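Here are some notes to read alongside the model. They start with cavities and then turn to the chain contact and the salt bridges.

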2 protein chains.
Amino acid sequence: MTTESQLSLVDDLDASVSEVVTDELSLLAASTDRSGSVAAGLPLAVVRAHSVEDVQAAMRVASAHRVPVVPRGAGTGLAGGAVAGTGHLVVDLSAMDRILELDPVDEVAVVEPGVLNARLDAAAAEVGLRYAPDPASAAICSIGGNVATNAGGLRCVKYGVTREAVLGLDVVLADGTLIHTGRRTMKGVAGLDLTALFVGSEGTLGIVVGATLRLKPRPVSTLTASAAYASVAAAARACAEIAAARRLPSMLEFIDRRCLEAVDRFAGTSYSERGDALVIAQADGPAAATEIEAIAAIVGKEATWIEQGVDEESSDRLVEARRQVLPAIEAEGSWFIEDICVPRSRLAEAVDRISEISQRHGVRTYTLAHAGDGNLHPVIGWNPSPDDVPGVMPPAETLAGDEIFALAIELGGTTTGEHGVGRLKRKWLEPEIGADSIDLQHRIKAALDPLGILNPGVGF
Amino acid sequence: MTTESQLSLVDDLDASVSEVVTDELSLLAASTDRSGSVAAGLPLAVVRAHSVEDVQAAMRVASAHRVPVVPRGAGTGLAGGAVAGTGHLVVDLSAMDRILELDPVDEVAVVEPGVLNARLDAAAAEVGLRYAPDPASAAICSIGGNVATNAGGLRCVKYGVTREAVLGLDVVLADGTLIHTGRRTMKGVAGLDLTALFVGSEGTLGIVVGATLRLKPRPVSTLTASAAYASVAAAARACAEIAAARRLPSMLEFIDRRCLEAVDRFAGTSYSERGDALVIAQADGPAAATEIEAIAAIVGKEATWIEQGVDEESSDRLVEARRQVLPAIEAEGSWFIEDICVPRSRLAEAVDRISEISQRHGVRTYTLAHAGDGNLHPVIGWNPSPDDVPGVMPPAETLAGDEIFALAIELGGTTTGEHGVGRLKRKWLEPEIGADSIDLQHRIKAALDPLGILNPGVGF
């Protein structure tokens, strides 16, 4: 796009939307996200949407100019789904952050996309409710991004992912049309499930400008048990035994020694002295106390160390090790987080093989997992060097990362459990889901966005 | 279609699939379903599929002949979604009824579409698991049909509907292509959620030939409380109070006096002496005993009668009244079951208005509801007469039925909570979801089925 046509685009936007910015700092910020990936070049402009009409107007202008649009929320994505570069127009939804309605009787919230996950949950808490999906970034990620990626979290082992919490959506299509999907009732099957189609579509089919969400009763009690093990295999066996005993933890996290050592360096703790792997399990609801007892008995069998929370406060303290993992890894240098998910029965095998791959390539890999879902986050870390290309891993790390993706597929799993495909995992999509499925997705995309202007280069 | 081209179609099918039938009895059976609706004329032929290849071959032949195809499972649909008439080819999946895999560790089942819901649940029970979605027709309905309609049931107030239980699907598209959607891991966001798109699509986008399903731990205990009330309003208040106390029953059913009287006539019971409305609540899981105590205390406040199960057996007995409702209504003549869903807070208003509408039109309406979801089933009954057109309600009943649909929309609800749109509720779709949404669905349909041969006249 020439500078002249850029000027014409910005002129048209200026005439139609409430806020357009083109200063370099704003453009730079929009060219990256929390994945660390950086787009080639800077986007043309950022529309800061303050209303649904702003988004509609922006899409009409973008359609008229045939300009690709990158929707953006809080920018906390880990797959490069909101990274905008040369020739892109950014539609930033973060200022649309009102909780429009919170109905304590119907247990429904209606929100704008920029509302932060934790803020909604806190508002729900005031009436004894909870917004269940809790990505680790809950404090800083927004509902729109959660919807775009079908975000998971720690509690989804019991409460399901974002899709299960979304009853309906307001979506602006590529041509500026506003459509409403779904409903505010608990059930409904009138027509195709367009809501689920938009959830997880990473901004490629439309821009979410409103969401009707299902809230759930806040559990009366949440209790934690944590245990350490001499080996990854023993930790995995403990996780498997919880499932085999048909217990349903509300959280079941796995952390390897590499993570624990990073936390120890970061926070001055001594978690890594406890063993080679740590498991943190929670139970919630009216039977939390008896459930956590049963779970503690199971995870205690082979443990080198175990502790059980006696109340909410001591329980919450046991989750601290998990909370510190990502900050601790970030403090050690550059990093790339993978997000593979395997059948739960393959968890131990996956951890072992990741470790073998990392050693073979001389790569530093920290592995944590939502063990109850078989969802592993191997984090590849490296020391930054002046030769680094922003957002690109060095060669050995890239090879190791690729082998881990291939491993996920080999074990009957997926290359992304909850973060999305974004720009960073595209080459793994076809090996995983096949060309026929991708072709079908392109046909659906073409039906909704015939000009192909919505987040091109992201996802399928 | 002329007889000659019909012969040519059947010849081509004979050469490609393992079983084609054209006898009148089979064609008659395929021209109706449990909704009582009857197609105009008889279909051309029925392919009894015995393999995925059969379905692929049938679709290739149907594409070549441009013949519309009606997929059929157990024929228990209540919206006319599987009713085939003149010019239609039926693909009957009921013989594909194998449970291919039941993995007790990963808690996953892989099944063919003809497997009956209750049979899968019984198989899961042998390893301490459960297939959670439980439509009232569980004993006679098949998984393929459950997927096609996104079937609900009594337990979905706690465990979610069919969509939440489906991890992946094998689907034959209109041109005979076989695609695999989803995965067998608990989570996964690689690409668009095609699985959810096919769930509830009523055979209009593809034919489900296999399903990978998530099983859940079977609860250790399930206990029931039942209470009767002097008024519908009091019963609705009790249901609302359970939610307000943030209790999560695993079942919460509402039955009105008209239903109770029908059961009494049918089964010689005396339920209707207890009050004007009956509520049946269940709690399950490790806290079932304390939960049902708390629920019983709530529902007991305004009750004219209350009973609480002391064990599984006495608990199960309290559900008997609910189980008898549909057989009892069927015994009283012709009937049409509606399936509206309203925000839970509007339940009492909905029941009252249904009663007012029925009285005004002099129509007999029995109302039962999955109260925890706000999902009402008003059943309109009438005495069959020689003037009746099969599958069409008499004039007064039609007017009352239409007003009830309109009421659902007025109350912010939907005209179908779990049965589907089928052929019977099509005229209500646009008033409910709007022309833009229907247009979008047609664009998706055209992308997947460009010849428009899959179940035309059904759904959107």
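1. A word on terms first: on a 1 Å grid over the protein atoms alone, a cavity is a set of points where a 1.4 Å probe fits but cannot get out, and its lining residues have an atom within 4 Å of a point. Grid points are joined across faces, edges and corners, and a volume is the space filled by probe spheres set on the points.

2. This is a predicted model, in which local features need pLDDT of at least 70 and side-chain atom pairs count only at pLDDT 80 or more, while totals for chains, interfaces and linings use all residues. Residues are numbered from 1 along each chain as its sequence is written, chains are lettered from A in the order in which they are written, and side-chain values use heavy atoms, with hydrogens and water left out.

3. Searching the whole structure gives 7 cavities of 30 Å³ or more, and the largest has a volume of about 50 Å³. Its lining consists of A:Ala132, A:Pro133, A:Tyr159, A:Gly160, A:Val161, A:Glu164, A:Ala165, A:Arg214 and A:Lys216. By class, that lining has 5 nonpolar, 1 polar and 3 charged residues (Ala, Val, Leu, Ile, Met, Phe, Trp, Tyr, Cys and Pro count as nonpolar, Asp, Glu, Lys and Arg as charged, and the others, Gly among them, as polar).

4. On to the interface: chain A and chain B each bring 75 residues to the contact (heavy atoms within 4.5 Å). Together they bury about 6000 Å², with 60% of it on carbon and sulfur atoms; buried area is the accessible area (1.4 Å probe) lost when two parts are put together, summed over both. On the chain B side, B:Lys187, B:Leu192 and B:Arg246 lose the most area to chain A, together 15% of what that side buries.

5. Which residue does B:Lys187 meet in a salt bridge? Its partner is A:Glu418, at 2.7 Å from N to O. The interface holds 10 salt bridges by the rule (a side-chain nitrogen of Lys or Arg within 4 Å of a carboxyl oxygen of Asp or Glu).

6. Over all chains, the search finds 68 salt bridges. One of them joins the side chains of A:Lys301 and A:Glu241 at 2.8 Å, N to O. This pair links distant parts of the chain, 60 residues apart: A:Lys301 lies in the loop between helix H11 (288-300) and strand E15 (305-308), and A:Glu241 in helix H9 (residues 232-244). Helices (H or I, at least four residues) and strands (E, at least two) are DSSP runs, numbered from the N terminus.

Note on methods:
On a 1 Å grid over the protein atoms alone, a cavity is a set of points where a 1.4 Å probe fits but cannot get out, and a pocket is an open set with protein on both sides within 12 Å along at least five of seven lines; lining residues have an atom within 4 Å of a point.
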